[in-house]
Every structure is written in C-alpha cells, then in structure tokens.
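Me: I am new to this structure and would like a close look at a single part of it. Could you take the sheet in the first chain and walk me through it carefully?

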Amino acid sequence: MKPNNTAIRVNNISKCYRIGLKEQIHENIATAFLSLISSPLSNYRKYRSLYKFKEIDFDNNNGSHPDLIWALKNVSFDVNQGESLGIIGKNGSGKSTLLKILSKITVPTKGRAEIHGRVSSLLEVGTGFHPELTGRENIYLNGTVLGMRKHEINKKFDEIVDFSGIEKFIETPVKRYSSGMKVRLAFSVAAHLEPEILLVDEVLAVGDAEFQKKCLGKMGDVTKEGRTVLFVSHNMAAMEQLCERVVWLNKGALVGSGPARDMINQYLDMASPNSLGPDGDLSRIPREPSFETIFINGELNGLPFKEHHLIHPLAPLTIKLKLNLSEAMTGCGFGIHLTTNSGQCVYAANTRWNYGKIDFPEKGIYEFECTFDKLPLVPDKYYLALGMRNQVRQIDWMERVLCIEVSRDDVYGTMEFPEKSQGFFLTQANWKIDNKVTKRF
Amino acid sequence: MLILNSNRVSIIQPASKWQGLNLKELKDYQDLFYFMVWRDIKVLYAQTIMGFSWALLQPLVQIILFTIVFGKVAKVPSEGLPYFLFATVAIVPWTYISQAVTESSQSLIAGQNMLGKVYFPRIIFPLTPVLSKLIDFGISLLIVVITMLYYRVHPTWNLLFLPIFLLLMIIIAAGAGMWLSALAIRFRDVRHSMGFVVRILMYSAPIVYSASTIPDKYRLIYSLNPIVCVIEGFRACLLGGHIVWMYILPGAITSLVFLIGGIFYFRKMEHVFVDVI
C-alpha cells in the first residue's frame, strides 16, 4: 500500500438549509378561523420546502435567497490516509455540518465526497445510552451504535471498563450513575473504537480535566497508529497537539488549509477580541447558544475592559466584574482564566477554591472584585476568559474577552527573560553563587 | 500498524433516486439491530410491578370486554363457536399488529436524538418494534393455548399453515411501520391520528364479528384488506375449518405490495429525516 493514498476526497460540497419558517399571527378570530381551514395546504408546502429546493432558488442571485442559508458552500479538500486533520472556524462556520455530511447523517445539497475505509463518527459521547440499562449493557449498545461489532466489543470489554474506572458499578443501571461516571463510561467506549477513519466533533469539552487529558492521550495514540482522523474543536492547544494539518472554514466557505501551527496562528489573529462593547460592556460578546449572558461588565485595574491592556510584570492585577442574574441561583462558582494564544490556561482564580459554592439569593446585579497581588507571568500576550457554572452545568463562558500584555520590563535587572520553553512564570529564586565565578551583565 | 482495508469506498452525494434495501449494509449492522431490539424488550417493563404479565393482561382484558359487549349484550354471531374462543384467536394477533404499528410509527421521532448524532441504516428504527413486540406476542399465545385447551379444540392439519399467517402478520406491521414512521417524522399529524386509525383498522377486519356476515358480492373486495387475511387465517388454522384461499390471497398480495412500497418510500425519504426534525 502506498503511504499517500487518499482517505477522504471532498469535492465541491454544499449544504443548504431553509430558515425563516415564520408563524403567522392573526389579528382577529375571523382570520384565525379562515387560516385554520386553509392552513393544512400551506403547512404542507411549508414543511415540504424544508428539504425541497427548486433549481430556481439556486440560480437566482447566485444562490442567495432570503430564506436559504448555505451552511457549506463549495468546500473541497483531500485527506491522506494516516493524516490527522483539524477543522477550525467560528460557531456557525459549517464545521459540524461538514462532519455530519461525511458521517452520512445528512446528505449534501450539491457536490460529492469519497471515503476510502471504515468510518466511525463521534459527534456526541454516549449516543444510545439508556438509563434503565446497566453499564455493561450500555457498553454493548453504545459500541454497536458507533459501528463496532459484538465480537470486537467482547474482545475489548475489560479494557473499556478499566479505562473508565468504574468496575464496581458495571452491573448497576446507568440512571444511578453520577453525570461524571456516565461521561467516563461513554468516553471509554468511544476511545476504543478502531475504525480506519475517525470523525470527532467537540466532544472533549466534557469530563473533568484529568479525564480529558487521558482522552487526549488516547486520541494521540490513535493518530500515531496510522488512522485518519478529522477533528473539530475550539481547543486550539489540543488541536495543535493532535493535528498535522488544519482546514479553516468561515461562513461555510474554505478560507485555507495548511500546517496546523500556521493556520491556527492566522485564525487566532483574525479572531482576536472585537465584540467588546464600550465602557467594558460584555453583554454583546457572542456565547454558545446554551449559555446565558451573566457577565455584563468588567474593569481592569480601575479601567473599563478594552481590547488590549498593558500591565507591568509582577504588578497587581485587579478585575472587577458585574454579574446580571435573571433568577436566584445556588451552588455556583465562577472563575477568571488567563490563557495563552492557543487557549491553554496558565493562571486562574476561582471563587470555589476560596469560598466553596456561592448562592445568589435573588435576581439582580452583583459586583465582584478579584486581585492578584503580583502577577508573576512572563512578558507575553495573555487572554482573559470568564466562566461561571453551578453543580449541573456551565452557565456562562467567554474566551478571549481581551488581551493582557505583560510588558518586557527588566524585572531581574539583567535584561534577560525566561524563554517560552522555560515556563510561564517569573520565578524569584534565591541563588547562592560560588564566589569563584564572575558575574557579567 | 493498522491494516487498511481500502476496498470499502463510500460515495456521498445528493440522493433522490429510488432504491431498495441495502442488505450488505444491514448485515454490517446486524449486531446493532440485535441490541436495539433487546433494549426495547428489556426496557419496556422496567420498573413495573406486573413485569411481563402485562403482555398477557392487555389482550386478556380486551377479550373479556369484547366477549361481554359483543358476545353477550349485542349477541354478534360467531360462526357457532363460543364467543370468547372466537375473539381470542383474533385479538391476540391484532394486539401485536396494533402495538407494533403504533410504536413503529413513532420510532423515528422517539429516536431523533440518535438520528442526528450517528449514522446507521435508518430502517432499523421502524423495524425494531416490529421484532421486539414479537416477545409480547409469544407470551400472549399462552392465552390462545389455554383457551383452546379449555374449550377442547382439537388441532387440525390446518395448523401447519400458521407460519404463513405469522409471517404475513409481521409483514403488515413492518410495511405500515415504514410508511407511517417516514410520514410521522415530517408530519406530526400522524401521531394524533394513530388513535382512530388503529380503531378503524380493527373494525375493518373480522375481529369482533364474523367475515361470513359480509355479503358474498363484496367479499373479494373486503379480502383485499391484509388484516382480514391474517385474522381469517389465524381462525382457520387454530380452530379448524376450511381455509378459503380465494379470500386469503388478495390480502396476502396487498400486504406484500404494501411492504415493498414501504421500503422504497422509506428509503427515498430517509435522506431528509435529519433536516426536518
């Protein structure tokens, strides 16, 4: 077998959805009654139009029609066998649609793709889990749902159970599991898939940090074994670690493809904070649809949040936040993260560590302030992320709210700084230097 | 190092052609099919007090009810047989058909979460209840056996034909399941109409009355109803008497046409399921 055989060939794939199914509003009983009689036919047309596209829709105005959105438009690329390819892009750029098409969940409106080899797709962990079934039964069910055969699961059963770390509860119905246990079990099944081509959507966003790391490791192994992997994630650090090549999508169209590091850097430069409102307004920053807008305003060292803040190394950093709660909420905690350009968190504070869980007794505006006495980060650019969660779910989460640049002050008095490969912190080490050496600046 | 089997090439493109079953693909997913059926069976009576006794209770209550209403009060003629016996051999297969069709019609909607997250042959969804309900049917055959023993019915050679009617019963459920589930995912009206559709189907077949009350000149048209053919077949096989093939064949042919049509319709529509959920 030649090493450079094509595993996936995507050729001019487009996918069109129809939106704008508006409910009619009736002004009086008479029109409401009339429409009751005439609505079956118009309803039928309406629902049919969800998947019936007339050629005229495409030809008119270059395919742009107020009712139509193109989730993907003429996307083409190839993936070689054994290659791991990442797909990046903002929310709504068509990444997930692309994976859904390649995993045959939905069909493209136009175009064609060829896939050479056995495919498994992982768009969600734990698909098909049934709460009444035991852990063992769910492993078999979930495994076959993901495309494994029964004899393959038999062979790997012990390994799967080991990896999940819940041997003791394997005969217990899954409805008695904690949510963490469910995720671990589901992920263990997924991690033991052995297809020739693996399509993975943002599934690493679940589970605790330690388990995530374990899964990342396992994924890394998978790519090293010569499998072809397509990987969608917002975690740029993981992406850089796992993928050789990256494809960048924006609004359904291919922006470019190339070596992972180059593309990710280009993408991050483009995606630098820009939706920050005036006077530190955070409410306009786009969130994932499942999140609420909790953080509404922020100040940094007494100044309203702006795109770029410059601070001195080892200087104090005070962040003031205004939270808007639409209802009382209990068992919460929120955190302030400083991340690198690729999304890796290097410094953080969380109310949970200092105060356990906090309760908000009623709806309204709350103010918090957090001070780091001496921010010990190495001169570089860092990005602020803010998140809040309760016991059950993530309530708000924003990445790259703003950039904090630590200036290159001469903290050591030597004009020397730690390199990037030497850690993120300005350490204050006490040396005892042998008298026989001479010091030279 | 992994051994790559690049013989497997799948093409992804806009599809609208009519196509039949992909048996090779179904074979690849046979284990999944097995586990889906098994999940249905295992979960159905979870956390109930009666457990699998429900499979007996449901038809039994209906048989008793019909015996009182149609047998004793309305005095519907039952070909000279005790009404209880007459009703039992019809209601047991009918209970299977109605339950399997009702569940099958809702199978895609119930599984829409899975539908949007993973691919496997979509036809597995409506076929799962068709198979899993066979367990209930098997259990409820106990009622038939006990009733026949009680009334001292001697089995005849007709019993050898029973597998044909069992198969037809399954074919009807599968055919209707495919048509209705493919419609139901697009038009939720199906769910609201299932209640009276099932009732109309029941009265359209000789379950509570005897087919011999139908005037002879309409009998052939009447026999086109596939449920008529199954019920008549069950009665003749279990209780003896003459199997009138002339009144059986039309229904058998319609049920086959219905099944094949269902497969093609389902396969044509399956590409849009995810987009219309």
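Reply: What follows describes the sheet of chain A, and then turns briefly to a pair of helices in chain B and to the cysteines.

Please keep in mind that this is a predicted model. In chain A, six strands come together as an open sheet whose pairing is mixed, and their order across the sheet is S5-S6-S7-S3-S8-S9. The edges are formed by strand S5, residues 119-122, and by strand S9, residues 253-259, each of which pairs on one side only. On average, and with direction ignored, neighbouring strands of this sheet are turned by 15° against each other. Within the sheet, strand S3 (residues 84-88) of chain A pairs with strand S7 (residues 228-232) of chain A in the parallel sense, over four bridges, and the bridge partner of A:Gly86 in S7(A) is A:Phe231.

Chain B offers a helix pair to set beside this sheet: helix H4 (residues 83-110) of chain B packs with helix H6 (residues 124-150) of chain B at an angle of about 165°, their axes lying 8 Å apart. Because angles over 145 degrees count as roughly antiparallel, H4(B) is roughly antiparallel to H6(B). Their crossing is right-handed, and the contact of H4(B) with H6(B) has 18 nonpolar, six polar and three charged residues.

As for the cysteines, a search of the whole structure finds zero disulfides over all chains. B:Cys237 is buried, at 0% relative accessibility, and its sulfur is 10 Å from the closest cysteine sulfur, that of B:Cys229, which is too far for a bond. A:Cys16 also counts as buried, because its relative accessibility is 2%.

Conventions: Residues numbered from 1 in each chain as written. Chains lettered and ligands numbered in written order. Predicted model: local features only at pLDDT ≥ 70, side-chain atom pairs only at ≥ 80, totals over all residues. Heavy atoms only, no water. Pairing = 2+ DSSP bridges. Helix = DSSP H or I, 4+ residues; strand = E, 2+ residues; numbered from the N terminus. Axes fitted to C-alpha atoms, helices over the stretch in contact; angles between N-to-C directions. Parallel < 35°, antiparallel > 145°, perpendicular 65-115°, else oblique. Left-handed = near helix turned anticlockwise from the far one by under 90°. Nonpolar A, V, L, I, M, F, W, Y, C, P; charged D, E, K, R; others polar. Disulfide = S-S within 2.5 Å. Buried < 20%, exposed > 50% of the residue type's maximum accessible area, 1.4 Å probe, protein only.
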